[in-house]
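Here are my notes on the model you sent over, point by point. Have the structure open while you read.

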Amino acid sequence: MSGAPVISVEDLHVWFDLADGGELHAVRGISFDLHPGERLGLVGESGCGKTTAILALMGLLPASASVRGRVLLEGSEIMAGGEDTISPHRWKDVAMVFQGAMNAFNPVQRVGKQIAEAMELHGTATGRSARLRVAELLELVGIAGERQDRFPHEFSGGMRQRAAIAMALACDPKVLLADEPTTALDVMVQAQILELLVSLTRDLGLALILITHDLPLIAQVCDRAAVMYAGEIAEIGTVHDLYADPRHPYTRLLFAATPDIYGDDLVVSIPGSPPRLDHEPVGCPFRPRCDAFLERCDTVAPRFRTVAPGRSVTCHNGDPA
Amino acid sequence: MSGTPLLEVSDLVVHYPAGKGKVVHAVEGVSFSVNAGELVALVGESGCGKTTTAQSVMRMVHSTAGTIRVDGRDITNLSAGELRPLRREMQIIFQDPYESLDPRFKVRDTVAEPLEIHGVPREERDARVHDALVRAGLTPPKLYLDRFPHELSGGQRQRVAIAAALALEPKLLLADEPVSMLDVSIRAGILGLLDEQRRAGLGILMITHDLSTAAHYADRICVMYLGRIVEEGPAKEVVRNPQHPYTRALVSVVPKRDPRLTTQPQILKGETPNPVAVPSGCRFHPRCPVAQAQCRTDDPPLSTARDAREAGHRSACLFT
């Protein structure tokens, strides 16, 4: 990708205060760039920090969380000033489709009214112009505009998910964050939604971050993927590179754990489970589950280093240092 | 495989009343069999009737017509009391191991409960519980016996549910989406465990929406659409040489691991119709990309697919 990134994340950390006075270091220093029209997948097991990381970009973490790091939106830092600097961009420049969004509509309010809410809040459209804009948005996601006067229960699951995407697009954002947007949907409806997301990035130049635990889904939809583990990016690169030549053992094992419809190879499980992050891990957090560890992995945490243009990995293997 | 199948379902029909005199056609004439040592996957989208079929086999729902034979014996019209001894032979595990285990029961009690219900003498139970935990990969068992579900991971919970199902040494196991709630990294462990039991002679009917999992672990796949099996055959043959237009579309939209495979997904418009109003003729015709006039009137039966490369590959389409 050439040109300036629309959003850059630099060394982002998130901690949560725990009831017992301790801290949970959920996101442990992640960095990546995203260009207009680009589709980046964030993939990893439950609890790896992928949702926490993008909620931080939206400034939507609970009060028990503290954040450090820089987030540059078209070159300007938006994180340092907290809510004051983030809120002008929320929904306007950076919008999100939440996990289970299709089930989060208010059941007693018409769909169109709910989509118009963000516009009215930001003053981008009101009244009649809001209605027109809602119709336009619904058409954009493949729903007839006059259906804005329907109630959520009159929509199927796939249509509600389309409406949730329309809602996120209400203020014409530059970046769309989608958290497991197809998890509860059937595979055919999933394909329809993914096709929609791809066409939005292509036609509107929208940049997309897609969160999922489903690696093949990212392989099919995204240009690049960041594999997250224990709050870090284990590896980032193009989906082709990650598939053909995974540099982190976790990336390789994650592919091997995923059955492929045409595959003949043995599907393996990854023994053990991710570390708890209420204590800082010593050495490499993946060490207990790794099949390619070195001596220093026990004691020294690997650094996130660039191994090729656009390709970075957090692993001692191949690191001369 | 010769002889009597372990499970034989013939022309199963399940209708539910939908109010106002309407009827939900949940299952409409489904036939298949499962042999000992065989894993058969029923695959399809929500509402295709796969779970209703499984529940009907377990006699958890009443069937409207058709027969269900276990080991050659017709169980379709047995009373609850007559069914009870047969329940030892067929067990079920569910999708959500967080909900299927009683949170107040220790692992020991969960696995011993079916033994108690079926009158296994008390002195035998400990050994049977021990064996079942070993078979389910929870070793050494003493590490797990006194734990409560909340002290176990999702994968361990599903193993406890499997141990409880295996404790009675059933011949047939129904697995309803056994891994869809679990993290990818541990799914292979659970599926491998089921595969081991299959090799040891257990017959398994797996309900899943995931064609990739079915392709890997099943011997045969039955693809269901709107209450019917529209295609069936050897698992790899069905996914690599799909014949029915619905299966072709389904296989084409399953995300593939290899990003270089850029075959155009064939995305069907709309969603599966409501099983209250099943389309006339071939029930797939309104969404079918190759439907002809005849498809609106003729309801095709399952028959040997024209381009089948393996025996037992059948499709319910007038043109394939």
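1. Start with one pair of residues in chain A: Ile236 of chain A stands opposite A:Ser312, which belongs to S12(A). Keep in mind throughout that this is a predicted model. The two strands involved, S10(A) and strand S12 (residues 311-314) of chain A, run antiparallel to each other and share 2 bridges.

2. Now look at the other neighbour of that residue. What stands opposite A:Ile236 in strand S9 (residues 224-229)? The partner is A:Ala226. So A:Ile236 turns up in both pairings, opposite A:Ala226 and opposite A:Ser312, and, as a reminder, strands of a sheet pair through backbone hydrogen bonds, either parallel or antiparallel.

3. S9(A) and S10(A) deserve a closer look as a pair. They are antiparallel, with 6 bridges between them. A:Met228 and A:Ile233 of S10(A) also stand opposite each other. The two strands make a hairpin with 2 residues in between, and A:Ala230 in that turn has a positive phi of about 50°. I'd click on A:Ala230 when you go through the turn.

4. Is S10(A) mostly covered or mostly open? Strand S10 (residues 232-238) of chain A is mostly covered, with 6 of its 7 residues buried. For chain A as a whole, buried residues come to 49% of the 321.

5. Stepping back, these strands sit in an open sheet of 8 strands in chain A, and the pairing is mixed. The order is S6-S7-S8-S3-S9-S10-S12-S11, which puts S10(A) between S9 and S12. Strand S6 (94-97) and strand S11 (304-308) of chain A are the edges, each pairing on one side only. From one strand to the next, the twist averages 20°. Helix H9 (residues 249-256) of chain A packs on this sheet and touches both S9 and S10 of chain A. The direction of that helix makes about 100° with that of S9(A).

6. On the overall build of chain A: the count is 9 helices and 12 strands. Its C-alpha atoms fill a box of roughly 65 × 50 × 45 Å along the principal axes. Why call the radius of gyration unsurprising? Because a compact globule with 321 residues would have a value near 20 Å, and chain A has 20 Å, which agrees. Among the contacts in chain A with a separation of 6 or more, 63% are between residues 24 or more positions apart.

7. Next, where the chains meet. The contact uses 35 residues of chain A and 32 residues of chain B. On the chain B side, the elements giving two or more residues are helix H6 (184-199), helix H7 (211-217), helix H8 (235-240) and helix H9 (245-253) of chain B. H6(B) supplies the largest share of that side, 6 residues. By class, the chain B side has 15 nonpolar, 8 polar and 9 charged residues.

8. Last, the domains of chain B. The division is into domain 1 (7-89 + 170-315) and domain 2 (100-160), with C-alpha centres 31 Å apart. How many residues connect them? In chain B, 8 residues of domain 1 are in contact with 6 residues of domain 2. The domain 1 side of this contact has 6 nonpolar, 1 polar and 1 charged residues.

Conventions
Residues numbered from 1 in each chain as written. Chains lettered and ligands numbered in written order. Predicted model: local features only at pLDDT ≥ 70, side-chain atom pairs only at ≥ 80, totals over all residues. Helix = DSSP H or I, 4+ residues; strand = E, 2+ residues; numbered from the N terminus. Rg over C-alpha atoms; globule rule 2.2 N^0.38 Å. Buried ≥ 20, exposed ≤ 12 C-beta atoms within 10 Å, placed from the backbone. Contact = placed C-beta atoms within 7 Å. Nonpolar A, V, L, I, M, F, W, Y, C, P; charged D, E, K, R; others polar. Pairing = 2+ DSSP bridges. Domains from an automatic or database assignment. Axes fitted to C-alpha atoms, helices over the stretch in contact; angles between N-to-C directions.
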